[in-house]
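Student: Could we go through this structure together, with a reason given for each term that we use?

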Amino acid sequence: ETTESGEKVGTAKGFHSDVTATVTLNADGTIAAVVFNTANETPTFGTRVGEDAAFAAQFVGKAGPFTLGAGIDALAGATVTSEAAVLAVNNALK
């Protein structure tokens with residue numbers, strides 16, 4: 001799905017809920033920014049995926065598709081939500 005401002009949005013099933021990725025692309029198709037909504041995931045574990053700037057920064061400047069463990073590292077204790085975040089980004093880029 002593409003928003004009115006041109007951002008791409010993808011979702012994937014997380015541990016407790018859907019994880020949403022809102023992706024802003026550069027003109028060359030690489031990622032300029034990504035924001036994750038993990039508000040309904042496990043507090044202090046899965047929710048960190050949406051709060052951790054370093055996790056999101058792993059995607060910036062790259063083009064997908066992405067694979068956890070191949071240049072994208074999961075957050076400790078939040079592997080399922082991290083996997084969902086990667087899938088949500090890939091879904092946004094489809």
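Tutor: We will take the terms one at a time, keeping in mind that this is a predicted model.

Student: What makes Ser-82 buried?

Tutor: Ser-82 has a relative accessible area of 0%, and buried means under 20%, so the value of 0% for Ser-82 meets the definition. As for its place, Ser-82 belongs to helix H3, which covers residues 79-93.

Student: Which residues is Ser-82 in contact with, leaving aside its neighbours within four places in sequence?

Tutor: With those neighbours set aside, Ser-82 is in contact with Val-49, Phe-55, Leu-68, Ala-74 and Leu-75, where contact means heavy atoms within 4.5 Å.

Student: How many aromatic pairs does a search of the whole structure find?

Tutor: The search finds 4 aromatic pairs, and one of them joins Phe-55, which we have just met, to Phe-59.

Student: Why is the pair of Phe-55 and Phe-59 called edge-to-face?

Tutor: The ring centres of Phe-55 and Phe-59 are 5.8 Å apart, with their planes at 70°. Rings pair if their centres lie within 6.5 Å, and planes over 60 degrees apart count as edge-to-face, so both values for Phe-55 and Phe-59 satisfy the definition.

Student: How do you know that the pair of Phe-59 and Phe-66 is edge-to-face?

Tutor: For Phe-59 and Phe-66 the distance is 5.0 Å centre to centre, with 75° between the planes, and that angle is again set against the cut-off of over 60 degrees. Both Phe-55 and Phe-59 are buried, and Phe-66 is buried too. One aromatic cluster is formed by Phe-36, Phe-55, Phe-59 and Phe-66.

Student: How do you know that strand S2 and strand S3 pair?

Tutor: Strand S2 (residues 18-25) and strand S3 (residues 31-37) are joined over 6 bridges in the antiparallel sense, and pairing asks for at least two bridges, so the definition is met for S2 and S3. Thr-22, for example, has Val-35 in S3 as its bridge partner, while Leu-25 stands opposite Ile-31 in S3. The hairpin of S2 and S3 has 5 residues between the strands, and in this hairpin Gly-29 takes a positive phi near 90°.

Student: Why do S1 and S3 stand at the edges?

Tutor: The open sheet has 3 strands in the order S1-S2-S3, with antiparallel pairing. Strand S1 (8-13) and S3 each have a single partner strand, so one side of each is left without a neighbour in the sheet. From one strand to the next, the twist averages 20°.

Notes: Residues numbered from 1 in each chain as written. Predicted model: local features only at pLDDT ≥ 70, side-chain atom pairs only at ≥ 80, totals over all residues. Heavy atoms only, no water. Helix = DSSP H or I, 4+ residues; strand = E, 2+ residues; numbered from the N terminus. Buried < 20%, exposed > 50% of the residue type's maximum accessible area, 1.4 Å probe, protein only. Phe/Tyr/Trp six-rings, centres within 6.5 Å; stacked < 30°, edge-to-face > 60°. Axes fitted to C-alpha atoms, helices over the stretch in contact; angles between N-to-C directions.
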